[in-house]
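Me: I'm just starting out with protein structures, and I'd like to know how labels get assigned. Could you walk me through some of the reasoning with this one?

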Amino acid sequence: QIVRMPVPSREVFRQFIAPAGLPVVFTGLFEDKPLRKWSWELIKERYGHLVYREVRQGQLLNISSAAGKAGVNRVEVKLTDFIDVVTGARKAKGKQEEGLYIAKKQLLPAEEVLKVFPFPPFYSGDLSKCFTEPSSWVGMPGTWTQGHIDARDNFAYQIIGKKRWTLFSPQDHKYLYFKKLKGTLEWSMALANQNPDLSKFPKLTKARPLTVDMDPGDVLYLPRGWIHMVENVTPALMLNVWRKGPAEFISSWSEKYQKEIASYCDKPE
């Protein structure tokens, strides 16, 4: 079971939570912030005119996913239309609008998000440089992300709706049939859909999944190395940031870049 707790002090996070390397759901981290007031209506009113040209399409739970980005269609859609389809305000107009999912993209202009986004308060230094810019994950019920591993610590903020995370310990890596594609991500072939063929992936039965539902206001701390697949249970909007370092240095980063990050980001002790 995933521990759910009020947002801890920096000292508690540094001394106990981070060293344990276990997922935790924090409540109340942005309860009193403007971000907590976001709604579909507010987003449509302010930004509905924006057009997105890289919207993922077709990753429904009843469709086997190709590993990673391969085989996933990309379509162009206006934000107002996207939200109306995602929330069920109107039906999809043909296959072009089925299974729409904005994933790892900037839903809104970065400068607008950064005005209201509260970075995790557990580190000192310039937090806007210690973390990646917030990424958006927005989709209709039944859209999802295939099982994979992140190379950096992840903080996921549930803004609207409900998401379901299925997590596996790094110790289960050997049971999940991973394949590394372009970039740094590893994708699980066994977690390419929610009804895997156990005749093809017999070791999957030895894995021990943990499931946690994220509601508005929740923040999931997911240490690097934890395998996860994520499903939109309802129309949902999530923002997340990955911590850049120094403990989470990527092997492909130059030594100069690693030193630069270390100069303005501290490290949990």
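Me: What makes Asp 218 and Arg 4 a salt bridge?

Reply: Good place to start! This is a predicted model, and in it the closest N and O atoms of Asp 218 and Arg 4 are 2.8 Å apart. The cut-off is within 4 Å, so the pair counts as a salt bridge. Asp 218 sits in strand 13 and Arg 4 in strand 1, 214 residues apart.

Me: Why is Asp 218 called buried?

Reply: Its relative accessibility is 6%. Buried means under 20%, so Asp 218 earns the label.

Me: And why is Arg 4 called partly exposed?

Reply: Arg 4 has a relative accessible area of 41%. That value falls between the 20% limit for buried and the 50% limit for exposed, so partly exposed is the right term.

Me: How do you know that Arg 224 and Asp 153 form a salt bridge?

Reply: Their closest N and O atoms are 3.8 Å apart. Since the limit is 4 Å, this pair is counted too. Both residues lie in loops, and the pair ties together parts that are 71 residues apart in sequence.

Me: Is Asp 153 buried or exposed?

Reply: Asp 153 is buried: its relative accessible area is 4%, and the cut-off is under 20%.

Me: Which residues are linked in a network of salt bridges?

Reply: Those are Asp 81, Arg 90 and Glu 97. Within this network, Glu 97 and Arg 90 have their closest N and O atoms 2.9 Å apart.

How values were computed: Residues are numbered from 1 along each chain as its sequence is written. This is a predicted model: local features need pLDDT of at least 70, side-chain atom pairs count only at pLDDT 80 or more; totals for chains, interfaces and linings use all residues. Side-chain values use heavy atoms; hydrogens and water are left out. A salt bridge is a side-chain nitrogen of Lys or Arg within 4 Å of a carboxyl oxygen of Asp or Glu. Helices (H or I, at least four residues) and strands (E, at least two) are DSSP runs, numbered from the N terminus. Buried means under 20% relative accessible area, exposed over 50%, partly exposed in between (1.4 Å probe, protein chains only).
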